[in-house]
Amino acid sequence: KYGAKKTIWQGRKYDSKGEAGLAQEIELLAKSGEVVRVEPQKTFPLFGKNGGKVCSHRVDFLLTFKDGTQEVWEAKAPITMTRMWQTQRRLMEDNYPEIKYIVITAKGNWFKKRNF
């Protein structure tokens with residue numbers, strides 16, 4: 001859609017090279033025991049202020065750490081940060097305040113965590 005190249009890593013197809021690279025980083029965290037559960041392509045229902053369902057939001061990864069905390073990790077290029085995505089991210093943060101939402105952008109071979 002935005003010129004991303006689908007990438008296969010360990011038999012799973014990812015939407016971009018960045019997302020596949022992020023999956024590799026997450027696997028290292030899982031092998032070290034820091035991450036105890038990884039849910040790729042997790043879909044969350046999103047609700048408005050009156051409780052009605054507005055839409056759904058599918059995140060790249062939902063991670064559960066050994067201390068029980070959860071984080072969403074999204075691999076994003078600036079061009080993919082559309083208004084619709086920004087709205088969904090805000091709704092996600094409002095609906096699930098206990099889950100930290102982290103956007104990771106690629107710069108060369110390095111990933112940078114960004115909180116918006």
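## Tyrosine 96 and the largest core

In this predicted model, tyrosine 96 touches Phe44, Pro45 and Leu46, leaving aside residues up to four places away in sequence. Tyr96 also belongs to the largest nonpolar core, which has 13 residues. Within that core, the members that touch the most other members are Phe44, Val72, Met92, Tyr96, Ile99 and Tyr101. Phe44 therefore appears twice here, as a contact of tyrosine 96 and as one of the core residues that touch the most other members, with buried meaning under 20% relative accessible area for every core residue.

At least two residues of this core come from each of four elements: S3, strand S4 (53–65), helix H2 (83–95) and strand S6 (99–107).

## The second core

A separate, second core holds eleven residues. Leu22, Phe65, Trp73 and Ile102 are among them.

## Isoleucine 26

Helix H1, which covers residues 17–32, contains isoleucine 26. The relative accessibility of isoleucine 26 is 2%, so this residue counts as buried; the cut-off for that class is under 20%.

Beyond residues up to four places away in sequence, isoleucine 26 is in contact with Val38, Phe61, Leu63 and Trp73. One of these contacts, Trp73, is also listed in the second core. Phenylalanine 61 is 35 residues from isoleucine 26 along the chain, and the C-alpha atoms of the two are separated by 9.1 Å.

## Glutamine 41

Strand S3 runs over residues 35–47 and includes glutamine 41. The phi angle of glutamine 41 is near 55°, which is a positive value in a residue other than glycine. Glutamine 41 counts as partly exposed because its relative accessibility is 27%, and that class lies between the 20% and 50% limits.

## The chain as a whole

Two helices and seven strands make up the secondary structure elements of the chain. Their order along the sequence is β-β-α-β-β-β-α-β-β.

The chain has 116 residues, of which 35% are buried. Among contacts with a separation of 6 or more, 46% are between residues 24 or more positions apart. The pair isoleucine 26 and Phe61 is an example of a contact with a sequence distance of 35 residues. The exposed area of the chain is about 7600 Å², and carbon and sulfur atoms supply 51% of it.

Notes: Residues are numbered from 1 along each chain as its sequence is written. This is a predicted model: local features need pLDDT of at least 70, side-chain atom pairs count only at pLDDT 80 or more; totals for chains, interfaces and linings use all residues. Side-chain values use heavy atoms; hydrogens and water are left out. Buried means under 20% relative accessible area, exposed over 50%, partly exposed in between (1.4 Å probe, protein chains only). Contact means heavy atoms within 4.5 Å. Accessible areas come from the Shrake-Rupley method with a 1.4 Å probe; for residues, only the protein chains shown count as cover. A nonpolar core is a set of buried Ala, Val, Leu, Ile, Met, Phe, Trp, Tyr and Cys residues joined through side-chain atoms within 4.5 Å.
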